[in-house]
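User: I would like to learn how to read a protein model, one feature at a time. Could you walk me through this one?

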Amino acid sequence: MELTSGFTSCLQKYLDFEINKNTQEFTIVEGNDRILPDEESGEKNPILLVLDSSFNPPHWGHYTLIKKSYEYYSQSYPNKKIHVLLLLSVQNADKEAKPASFDKRMDMMCIMSRLLNKNFESLSTYVGLTIFGKFVDKDSIIRKKFFNQGVIVYLVGFDTIIRIFDPKYYIPQAPAVVLQHFMKNVEFCCLTRSNVNDNESEDFTNQSTYSQDILQGKYEPLIPKEWGHKINILSNNPKYINVSSSKIRKLMVPLHGTKSLNEEILNDLKKQLPNQIIEYIIQSSESKSIFSA
């Protein structure tokens, strides 16, 4: 399948979900509706890597997180089948929706999914939508409707792993209480990133030792020390460590109709976005940029 073809059926699934989202709660718009055991191969306990993001737009940072996580788990568990779910929450717990619209993001997620399938033959990828913004709720609905037979690994940036354990999302209880059951059944795979604080060298040191700090009880009682075994911190690719969705959107807001991107901006975008997604954005911005309010 071409990376940018066949969006009509995906769009119909998205529209159906928009109408029925409060009862559906979760749907797959690209890929099989449910991951079932492979009876022929006798495959048991596969691994599902879930990248939950705003995908506004999907970029090389997302791709790198999936690639590095896939390589890590493939090497750690060579006999297990690995699946990837690109998940978009239409009611994010932490961010208000901004252009591009959800249907455009879904199209770009499908392009990213197909690019991953093309580049990693043994990888199965899916694109999903949910109404849930919190990881606990997302995990519950994924296990109920899509994947209930193996390990789920959530792929996140370092800033996200910090937010996951932020007490403000769990008031009046503490994260250690609310997340207790959730953490028994999941892992996190996290890439280091820059610009979390002003001191970048200290920042990367703190990120790389985060799991070990948890294991040593540094964050108790907020984060139980045994959770440190479930958080894998991987080094990011320096080439993509500063990729930013907001910067990409800012570069592409002026794009519309006959107003094309100059060569300098286009070259900058190619360092941050796959060519197929750049082409999709250009083709979808006839009257105005898909990132314009």
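Analyst: Happy to. Two strands pair if DSSP finds at least two bridges between them, and the strands themselves (E, at least two residues), like the helices (H or I, at least four), are DSSP runs numbered from the N terminus. Here strand 1 and strand 4 run antiparallel and are joined by four bridges. Within that pair, Ile28 has Gly128 of strand 4 as its bridge partner. Please keep in mind that this is a predicted model, in which local features need pLDDT of at least 70 and side-chain atom pairs count only at pLDDT 80 or more, while totals for chains, interfaces and linings use all residues. Residues are numbered from 1 along each chain as its sequence is written, and side-chain values use heavy atoms, with hydrogens and water left out.

User: What does pLDDT tell me, and what does the chain average?

Analyst: pLDDT is the predictor's confidence in each residue, from 0 to 100. The average for this chain is 86, and 87% of the residues score at least 70. Read residues 196-202 with care: pLDDT stays under 50 there. For that stretch the model has six contacts beyond four places in sequence, a contact being heavy atoms within 4.5 Å.

User: In what order do the strands of the sheet lie?

Analyst: The order is 1-4-3-2-5-6-7, an open sheet of seven strands with mixed pairing. Strand 1 (26-30) and strand 7 (231-234) are at the edges; each has a single partner strand, so one side of each has no neighbour in the sheet. From one strand to the next the twist averages 30°; axes are lines fitted to C-alpha atoms, for helices over the stretch in contact, and angles run from 0 to 180 degrees between N-to-C directions.

User: Which strands run parallel?

Analyst: Strand 2 and strand 5 are one such pair, joined by five bridges. There, Ile47 stands opposite Val151 in strand 5. Strand 5 (residues 151-157) also pairs with strand 6 in the parallel sense, over six bridges. In that pair, Val153 has Glu187 of strand 6 as its bridge partner. As for helices, helix 4 (residues 135-145) packs on the sheet and touches strands including strand 5 and strand 6. The direction of helix 4 makes about 145° with that of strand 5.

User: Is strand 1, out at an edge, buried or exposed?

Analyst: Buried means under 20% relative accessible area, exposed over 50%, and partly exposed in between (1.4 Å probe, protein chains only). By that rule, five of the five residues of strand 1 are buried, so the strand is largely enclosed by the rest of the structure. Strand 5 is mostly covered too, with five of its seven residues buried.

User: How do I read burial in a helix, say helix 12?

Analyst: Start by listing the buried residues, then look down the axis. In helix 12 (residues 275-283) they are Ile277, Ile278, Tyr280 and Ile281. Seen that way, they fall within an arc of 160°, so they line one face of the helix; the arc is that of the directions from the helix axis to the C-beta atoms.

User: Now a single residue: what is Cys189 in contact with?

Analyst: Place the residue first: Cys189 lies in strand 6 (residues 186-191) and is buried, with a relative accessible area of 0%. Leaving aside neighbours within four places in sequence, its contacts include Leu65, Tyr73, Val153, Leu155 and Leu234. Phe158 is 31 residues away along the chain, with its C-alpha atom 9.4 Å from that of Cys189.

User: How many salt bridges does the structure hold?

Analyst: Side chains of opposite charge can pair when their charged atoms come close. A salt bridge is a side-chain nitrogen of Lys or Arg within 4 Å of a carboxyl oxygen of Asp or Glu, and the structure holds eight. One of them joins Lys67 and Glu71, whose closest N and O atoms are 2.8 Å apart. These two are four residues apart in helix 2 (residues 60-76), and therefore about one helical turn from each other. Lys67 is partly exposed at 31% relative accessibility, and Glu71 is partly exposed at 30%.

User: Where do Lys218 and Asp213 fit, buried or exposed?

Analyst: Their side chains meet in a salt bridge as well, at 3.9 Å from N to O. Lys218 is exposed, with a relative accessible area of 54%, whereas Asp213 is buried at 13%.
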